[in-house]
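Please open the model in the viewer and keep the selection tool at hand. The tour proceeds by pockets and then by helix contacts.

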Amino acid sequence: MLEKRKLGNSDLYISPVSFGCMSLQNGAPENTKLLHAALEGGINFFDTADLYDKGANEQLIGEAFKHKRQDVIIATKGGNQWRPDGSGWDWNPTKAYILSAANESLRRLQTDYIDLYQIHGGTTNDPLDETYEALQILQQQGKIRYWGISSIRPNVVRYWVEKGGITSVMSQYSLLDRRPEETIFPLLQEHGIGVLVRGALAQGLLAGKPAKPYLEHTEETVKQVANAVAQNSLDGQTQSGIAINWVLHHSAVTSVVAGIRKARQLTEALAAMAQPPMDQKAELLTQTAPALTYQQHR
């Protein structure tokens, strides 16, 4: 059995590669089979959100695991409210809405509790004390076991760390986006808070997609980094496997949330998870691109 990693200060032990459910195609008949295959392969952490497919993604996860609830760790997110006409969504981190949204997620997931409930965004202009109170109530009621946030904004992350009680932060991080290394990762490590990483493949640019400008990187830099990843994939690992394992090399990272929609992607994710820790190769790859820093929300 592959070793699980402790998520922050919780008693949740999760697989180093997690299943990002957002990528699942709504209504695809192979979805449940794919989810079960991931569990059988050693992935036990499944991340969704009420925003995905207007709740249908949560319904899919709930139906797939209603008879395997004790075997999986389910994370979802809330705070984005769909407009009545379905034209889009608005950010609503108020106490009343978070309490209501969590109850709706519980219903769709067909479960009595959510292992990790994450605030899906936010700014320092939000009524954050209200949001915090809602999370405390949900935890006291046993409806959520732990809470976290999904944010790339250093000032928002800092607020939640200072308030206390947070278990994890989901952040974008990859060879092409090393911004969290500057302040976010050291802060979270200092406080024993887990890191869930999304975007490890940088929109597929580190997994074979044609190079293009990304964040503040030029197309040439992106091509240079992608080529370095490709060259290191000759030892049997895929490009995506190299990119994922580079992320897992950072001591702050608990798990990479990989978007999975096809059997091939699951196979690659499981293969990456089974690889031994990256050593000198990680440092060589790190040197291929300059580290960026956050310019806003500092």
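Residue classes are used throughout: Ala, Val, Leu, Ile, Met, Phe, Trp, Tyr, Cys and Pro count as nonpolar, Asp, Glu, Lys and Arg as charged, and the others, Gly among them, as polar. This is a predicted model, in which local features need pLDDT of at least 70 and side-chain atom pairs count only at pLDDT 80 or more, while totals for chains, interfaces and linings use all residues. Residues are numbered from 1 along each chain as its sequence is written, and side-chain values use heavy atoms, with hydrogens and water left out.

**Stop 1: the largest pocket**

Select M22, S23, G199, V257 and G259, which lie nearest the centre of the largest pocket among its 41 lining residues. A pocket is found on a 1 Å grid over the protein atoms alone, as an open set of points where a 1.4 Å probe fits, with protein on both sides within 12 Å along at least five of seven lines; lining residues have an atom within 4 Å of a point. The space in this largest pocket is about 1,100 Å³, where grid points are joined across faces, edges and corners and the volume is the space filled by probe spheres set on the points.

Next, colour strand 10 (168–172), helix 8 (239–248), strand 12 (253–259) and helix 9 (263–274), each of which supplies at least two residues of this lining. Helices (H or I, at least four residues) and strands (E, at least two) are DSSP runs, numbered from the N terminus. By class, the lining of the largest pocket has 16 nonpolar, 17 polar and eight charged residues.

**Stop 2: the second largest pocket**

Move to R5, M273, Q275, P276 and P277, which lie nearest the centre of the second largest pocket, one lined by 14 residues. Helix 8 and helix 9 are the elements that give two or more residues to this lining, and helix 9 gives the most, with three. The second largest pocket holds about 320 Å³ of space, and its lining comprises nine nonpolar, three polar and two charged residues.

**Stop 3: helix 1 against helix 9**

Keep helix 9 selected and add helix 1 (residues 31–41): their axes come within 11 Å and cross at roughly 15°. Helix 1 is therefore roughly parallel to helix 9, since angles under 35 degrees count as roughly parallel, over 145 as roughly antiparallel, 65 to 115 as roughly perpendicular and the rest as oblique. Axes are lines fitted to C-alpha atoms, for helices over the stretch in contact, and angles run from 0 to 180 degrees between N-to-C directions.

Show the side chains where L34, A37, A38 and G41 of helix 1 meet A263, L266, L270 and M273 of helix 9; contact means heavy atoms within 4.5 Å. This contact of helix 1 with helix 9 has seven nonpolar, one polar and no charged residues. M273 also lies among the residues nearest the centre of the second largest pocket.

**Stop 4: helix 1 against helix 2**

Now add helix 2 (residues 56–65), whose axis comes within 10 Å of that of helix 1, with a crossing of roughly 60°. The two helices are therefore oblique to each other. N31, T32, L35, H36 and L39 of helix 1 make the contact with L60, I61, A64 and F65 of helix 2. Its classes are six nonpolar, three polar and no charged residues.

**Stop 5: helix 4 against helix 5**

Finally, select helix 4 (residues 128–140) and helix 5 (residues 154–163), which pack at an angle of about 50° with their axes 12 Å apart. Which residues of helix 4 meet helix 5? They are L128, D129, T131, Y132 and L135, and they meet Y159, W160 and K163. This contact divides into five nonpolar, one polar and two charged residues.
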